Amino acid sequence: MTAELIRQWLEALVIGIHRMQAAGEIAAAVDAERAAAALIAGIQGGVIIFLSTGRITHLEAALDVGIEGLRASTRLF
């Protein structure tokens with residue numbers, strides 16, 4: 001069940017990244033599946049740390065860095 005939900009989430013993120021690539025918001029050279037997997041891993045890790053510590057800073061950092069990496073890709077490629 002969890003694996004299926006993560007697969008669905010990954011698929012939705014990949015579709016979103018491809019749409020943003022088509023719109024020129026993310027570089028075409030970005031590997032959409034790898035970027036989506038990194039975002040999911042960052043979110044999951046951030047949530048685990050939040051549940052353990054009550055602090056959301058790690059989740060915020062993972063999202064900020066992941067999203068900024070996608071935005072910056074247009075400047076790198």
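Is R75 buried or exposed? I looked this up before anything else, keeping in mind that the model is predicted, and I noted R75 as exposed because its relative accessible area is 60%.

**Entry: the salt bridge of R75**

I then looked for a charged partner and found that R75 forms a salt bridge with E68, with the closest N and O atoms 3.0 Å apart. For E68 I wrote down a relative accessible area of 36%, so this residue is partly exposed, whereas R75 is exposed.

**Entry: the other salt bridges**

I counted the salt bridges in the structure and arrived at three. Turning to helix α1, which covers residues 2-22, I found that the side chains of R7 and E4 meet in a salt bridge at 2.6 Å, N to O, and that these two residues lie three apart in the helix, about one turn. R7 also meets E11 through their side chains, here at 2.8 Å, N to O, and I noted that E11 and R7 are separated by about one helical turn because they are four residues apart in helix α1.

I checked the accessibility of each partner in turn: R7 counts as partly exposed at 38% relative accessibility, E4 is partly exposed at 36%, and E11 counts as partly exposed at 42%. Going back over the bridges, I recorded that E4, R7 and E11 are joined into one network by salt bridges that share partners.

**Entry: Q21 in helix α1**

What surrounds the side chain of Q21? Setting aside neighbours within four places in sequence, I listed I26, A27, A28, V30 and A32 as its contacts. Q21 sits in helix α1 and counts as buried, because its relative accessibility is 13% and the cut-off for buried is under 20%. I looked next at the polar atoms of this side chain, and found one 2.9 Å from the backbone oxygen of V30 and one 3.5 Å from the backbone oxygen of A28.

**Entry: the nonpolar core**

Which residues make up the largest nonpolar core? I noted 10 residues in all, namely V14, I17, I26, A27, V30, A32, A35, A36, L39 and L70. Helices α1 and α2 each supply at least two residues of this core, and α2 gives the most, with four residues. As general background I added that nonpolar side chains tend to be buried together in soluble globular proteins. I followed one core member, I17, and found that, leaving aside neighbours within four places in sequence, this residue is in contact with I26, A32, A35, A36 and L70.

**Entry: the end of helix α2 and a surface patch**

I finished with nonpolar residues at the surface, where I48, F50, L51 and I56 form a patch with about 380 Å² of accessible area together. F50 belongs to helix α2, residues 32-53, and I recorded F50 as partly exposed because its relative accessibility is 33%.

I49 has its place in helix α2 as well, and at 29% relative accessibility this residue counts as partly exposed. Why is I49 not listed in the patch? Patch residues need over 30% relative accessible area, and I49 has 29%, so I49 falls outside the patch. Not counting residues up to four places away in sequence, I found that I49 touches G54, R55 and H58. I also noted its separation from L63, which is 14 residues in sequence and 14 Å in space, C-alpha to C-alpha.

Definitions and conventions. Residues numbered from 1 in each chain as written. Predicted model: local features only at pLDDT ≥ 70, side-chain atom pairs only at ≥ 80, totals over all residues. Heavy atoms only, no water. Patch = residues over 30% accessible without salt bridge, like charges linked within 9 Å, V, L, I, M, F, W, Y side chains within 5 Å. Areas by Shrake-Rupley, 256 points an atom, 1.4 Å probe, with all protein chains shown as cover. Salt bridge = Lys/Arg side-chain N within 4 Å of Asp/Glu carboxyl O. Buried < 20%, exposed > 50% of the residue type's maximum accessible area, 1.4 Å probe, protein only. Contact = heavy atoms within 4.5 Å. Polar contact = N/O pair within 3.5 Å; in protein donor to acceptor, adjacent residues only side chain to side chain. Core = buried A, V, L, I, M, F, W, Y, C linked by side-chain atoms within 4.5 Å.
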